[in-house]
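Please open the model in the viewer and keep the sequence panel visible. The stops below each name a selection and describe what is found there.

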Amino acid sequence: MGIGSALIGPDIATLAACNNKKDGQKLGIALVGLGGYATYQLAPALQETKNCYLAGIVTGTPAKEKIWADRYSIPAKNIYNYQTFDNIAGNPDIDIVYIVLPPGLHKEYTIRGAEAGKHVICEKPMAIGAADCQLMIDACKKKNRMLSIGYRLHFEPYNMEMMRLGQKKIFGAIKKIESANSFTFGNDNTSWRVKKSLAGGGPMMDMGVYVIQGARYTTGEEPVYVSARQEKTRPDFFTEVEETCIFEMEFPSGAKAFGRSSYNENSNSLHVEAEKGWFELSEAYRYGGMVGATSRGKMNFPNINQQAAQMDDFANCILTGKPTRVPGEMGMQDMRIVDAIYRSLESGKKEKV
Ligand code: NAD
């Protein structure tokens with residue numbers, strides 16, 4: 001399935017019939033896991049959304065309950081912990097659960113959310129391997145619930161322009177892509193980001209999925225082969241996961257993408273060379289402050305609240321029965337590619353996706 005093509009989702013007629021909201025009513029979202037991304041990005045974004053609102057929370061830290069309840073006027077009946085999470089099934093205020101936990105927990109909470117009859121948004125990376133993604137998709141299908149991945153850049157104007165320029169071949173066929181997405185990860189060796197069971201891997205899982213996405217949505221193609229190698233300057237710190245992953249993806253048209261993802265440098269860029277010119281984002285994957293240009297001149301688009309746009313679109317999909325443009329299948333395809341990249345790190349050879 002191409003990344004830009006019509007996407008598989010639950011049966012549309014049935015889905016539309018399953019949402020019991022009256023016209024104009026917003027869908028309720030419960031954030032599952034109140035860490036950095038939920039606290040500083042998603043909850044503030046939910047103050048700007050039109051089709052959904054912050055209706056509930058799921059947290060393992062009792063001290064956070066009152067803080068969040070006071071800040072966002074969340075009633076006690078909409079506050080859960082990880083043990084009581086399944087009781088959310090009987091709560092009509094919550095339509096969507098948004099899983100913002102470490103990746104190693106995405107499968108469990110997506111499946112429990114679907115079993116509880118809720119639509120699910122799951123953060124990237126979708127899981128810690130493609131096999132788990134399939135189980136998540138199956139669980140949502142079985143309960144006729146919609147599943148989407150937190151791919152906010154599909155709603156972001158500069159990245160949408162990269163999709164248009166590449167997929168419509170405005171500069172001719174794409175020859176080469178170079179992209180990096182990295183940040184320096186401090187010295188917290190207790191973080192889930194350096195624990196294989198919770199993170200699935202290192203920066204390749206956490207940040208590299210954006211590079212894979214960037215290459216997929218500019219070409220509109222699926223890579224056939226990948227090869228990868230790693231660099232480690234702090235083996236004492238990165239004992240379970242890679243520190244830097246350097247990888248290559250080969251596309252059926254002959255286009256090649258060169259990617260880099262590291263916990264030891266700062267970067268976020270997407271550069272595309274095509275037959276008749278180039279186009280790029282030198283600030284590509286952040287929450288704002290995008291910078292873009294082509295061989296014809298600068299790009300000029302508004303910077304928007306990406307998370308608000310992403311969540312509003314998902315709520316709208318549920319309300320209208322439209323398929324989401326960022327479904328579980330898209331997250332699973334990224335995980336297939338990541339799986340192949342890790343196989344290549346092991347084998348030292350080119351691997352088929
Ligand atoms: P974080 O460490 O700040 O938060 C993780 C939360 O999970 C914490 O509240 C923690 O208490 C909770 N948790 C529950 N069980 C846990 C366990 N067993 N071990 C560790 N923590 C546990 O992480 P984050 O940066 O908020 O990331 C959460 C998810 O959001 C990840 O999947 C990450 O990739 C994703 N994320 C996405 C974006 C984006 O731009 N889409 C940005 C940041 C993070």
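Begin with the ligand and the shell of 23 residues that surround it. The model is predicted, and the closest residues to the ligand in it are Gly36, Lys124, Arg152, Trp192 and Tyr210. Colour this shell by residue class: 13 of its members are nonpolar, four are polar and six are charged.

**Polar contacts of the ligand**

Which distances to oxygen atoms of the ligand are worth displaying? Select the side chain of Arg152, where an N or O atom lies 2.7 Å from a ligand oxygen. Next select Trp192, which places a polar side-chain atom 2.8 Å from an oxygen atom of the ligand. For Gly35, show the backbone instead, since there a backbone N or O atom is 3.1 Å from an oxygen of the ligand. Then turn on the surface: on its own the ligand has 840 Å² of accessible area, and the protein covers 76% of that area.

**The largest pocket**

Hide the ligand and look at the space it takes, which is the largest pocket. This pocket holds about 740 Å³ of space. Its lining comprises 34 residues, and those closest to the pocket centre are Gly36, Tyr37, Trp192, Arg193 and Tyr287. Gly36 and Trp192 thus appear here and also among the residues closest to the ligand.

Which elements each supply at least two residues of this lining? Select α2 (36-45), β7 (174-182) and β11 (267-274) to see them. The largest share, three residues, comes from α2. By class, the pocket lining divides into 14 nonpolar, 13 polar and seven charged residues.

**The second largest cavity**

How many cavities of 30 Å³ or more are there? The count is two. For the next stop, go to the second largest cavity, with a volume of about 50 Å³. Select Tyr151, Arg152, Leu153, His154, Val209, Tyr210, Gln213 and Tyr217, which line this cavity. Five of these lining residues are nonpolar, two are polar and one is charged. Arg152 and Tyr210, part of this lining, are also listed among the residues closest to the ligand.

**Two backbone stops**

Return to Lys124, one of the residues closest to the ligand, and display the backbone through Pro125. The peptide bond joining Lys124 and Pro125 is cis, with omega about -20°. Pro125 belongs to the loop between β5 (119-122) and α5 (130-142).

Finally, select Ser73, in the loop that lies between α3 (62-72) and β3 (79-80). Ser73 is not a glycine, yet its phi is positive, at about 50°.

Methods:
Residues numbered from 1 in each chain as written. Predicted model: local features only at pLDDT ≥ 70, side-chain atom pairs only at ≥ 80, totals over all residues. Heavy atoms only, no water. 1 Å grid on protein atoms, 1.4 Å probe; cavity = no way out; pocket = protein on both sides within 12 Å on 5 of 7 lines; lining within 4 Å. Points joined across faces, edges and corners; volume = space filled by probe spheres on them. Helix = DSSP H or I, 4+ residues; strand = E, 2+ residues; numbered from the N terminus. Nonpolar A, V, L, I, M, F, W, Y, C, P; charged D, E, K, R; others polar. Near = heavy atom within 4 Å. Polar contact = N/O pair within 3.5 Å; in protein donor to acceptor, adjacent residues only side chain to side chain. Areas by Shrake-Rupley, 256 points an atom, 1.4 Å probe, with all protein chains shown as cover. Sits in = over half its atoms within 2 Å of the grid points.
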